[in-house]
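Biologist: Please take a close look at one turn in this model and the strands on either side of it. Then follow the chain outwards to whatever else bears on that part.

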Amino acid sequence: MEEKTVNKTNTNGYTFIFAIIMVLVVASVLAFTATSLKPLQNENVRNEKMQNILATVGIETSRDSAQALYDQYITETVSLTEDGSVDESVDAFEVDLTKELRRPVEEQIYPLYIADIEGSKYYIIPLRGKGLWDAIWGYISLKDDVNTVKGAVFDHKGETPGLGAEITQAWFQERFSDEKIFDENGNLVGVSVVKGSKGNANKDDNQVDAISGATITGNGVSDMISERLKHYLPYFKQQTDVKVATK
């Protein structure tokens with residue numbers, strides 16, 4: 001009787017073992033790729049952060065040039081505590097606002113970047129808040145009167161394209177330029193995003209015009225500006241060379 005030759009490559013066991021080997025190989029390749037690219041990804045994140053900080057004071061740059069221009073114009077970085085004291089043990093650039101906002105207010109660190117542009121001083125404050133769907137963030141810079149906005153940049157994680165996502169557009173961000181963060185009585189009010197506002201022309205009303213159809217995102221921008229700025233008042237009041245308008 002003729003014996004049948006069994007092709008082991010057609011058995012379930014062989015298929016199972018082959019699948020395991022392929023999974024292990026692919027997982028190893030992906031892990032190696034992710035590990036290899038991590039330093040480059042971190043560098044890109046750092047450079048983008050520098051770009052955004054510089055953009056608030058009118059310095060536009062590529063990622064490749066960001067470090068050099070950051071070193072040129074950012075003359076000081078400060079890590080502040082809630083009472084306005086400086087914590088010299090913390091690198092302000094490395095502070096992650098996502099993590100800080102999970103901590104009690106009195107335990108948070110508040111990063112501050114100080115720029116010198118052709119002899120004029122600017123204070124740059126990181127922002128983070130909540131939009132319609134997810135986190136929104138950015139930076140806002142103040143002139144040396146600690147009242148007038150020099151510039152602002154915003155970004156988001158998941159706002160609606162054509163609506164809330166428009167906070168990233170230059171035409172919206174430019175509305176904040178020269179707005180005041182204190183009202184006429186010296187109270188900190190920030191800059192509110194208000195539908196139908198004519199604040200784009202009136203720079204003393206603490207308002208900018210909202211994006212049509214993006215009320216919740218606009219409110220999120222308003223809230224994060226006022227909420228973040230208030231934590232910097234103790235520091236500004238302590239600086240002899242800074243005249244704070246607040247009572």
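**The turn between E4 and E5**

Modeller: Valine 146 has its place in the loop between E4 and E5. The model is a predicted one, and what follows is computed from it.

The phi of valine 146 is near 55°, a positive value in a residue other than glycine. Valine 146 has a relative accessible area of 1%, under the 20% limit, and is therefore buried. The turn that holds valine 146 belongs to a hairpin formed by E4 and E5, with 5 residues between the two strands.

The strands of this hairpin run antiparallel and are joined by 7 bridges. In this pairing, leucine 142 stands opposite valine 149 in E5.

On its other side, E4 pairs with E3 (residues 120–130), again antiparallel, through 9 bridges. Here tyrosine 122 stands opposite lysine 143 in E4. E3 and E4 also make a hairpin, and 4 residues join them. E4 thus has bridges to E3 and to E5. Of the 9 residues of E4 (residues 135–143), 7 are buried, so the strand is largely enclosed by the rest of the structure.

One contact of E4 leads to a helix. Threonine 217 is found in helix H5 and touches Ile136, along with Leu132, Glu159, Gly164 and Ile167, not counting residues up to four places away in sequence. Threonine 217 is buried as well, because its relative accessible area is 4%.

E5 leads on to an aromatic group. Phenylalanine 154 of E5 (residues 149–156) pairs with phenylalanine 172 of helix H4 (residues 170–173), so the pair ties together parts that are 18 residues apart in sequence. The two rings are tilted, with 6.0 Å centre to centre and 50° between the planes. Phenylalanine 154 and phenylalanine 172 are both buried. Together with Trp171 and Phe176, these two residues form one aromatic cluster.

A search of the whole structure gives 9 aromatic pairs. One of them is the edge-to-face pair of tyrosine 110 and tyrosine 232, at 6.0 Å centre to centre and 75° between the planes. That pair links distant parts of the chain, 122 residues apart: tyrosine 110 is in strand E2 (residues 110–117), and tyrosine 232 is in the loop between helix H5 (215–229) and helix H6 (233–238). Tyrosine 110 has a relative accessible area of 0% and is buried. Tyrosine 232, at 1%, counts as buried too.

For comparison with valine 146, asparagine 206 also has a positive phi, about 60°, although it is not a glycine. Asparagine 206 lies in the loop between strand E6 (192–194) and strand E7 (207–209). With a relative accessible area of 8%, asparagine 206 is buried.

Away from the turn, helix H2 (residues 63–73) has Ala66, Leu69, Tyr70 and Tyr73 as its buried residues. Seen down the axis of H2, these fall within an arc of 110°, so they line one face of the helix. The face turned away from that buried side carries the exposed residues Asp64, Ala68 and Asp71. Elsewhere, the charged end of lysine 49 sits over the ring of phenylalanine 93, 4.4 Å from the ring centre.

To return to the request: valine 146 combines a positive phi with a buried position, in a turn of the hairpin of E4 and E5.

Terms used:
Residues numbered from 1 in each chain as written. Predicted model: local features only at pLDDT ≥ 70, side-chain atom pairs only at ≥ 80, totals over all residues. Heavy atoms only, no water. Buried < 20%, exposed > 50% of the residue type's maximum accessible area, 1.4 Å probe, protein only. Arc of directions from axis to C-beta. Phe/Tyr/Trp six-rings, centres within 6.5 Å; stacked < 30°, edge-to-face > 60°. Lys NZ or Arg CZ within 6 Å of the ring centre and 35° of its normal. Pairing = 2+ DSSP bridges. Contact = heavy atoms within 4.5 Å.
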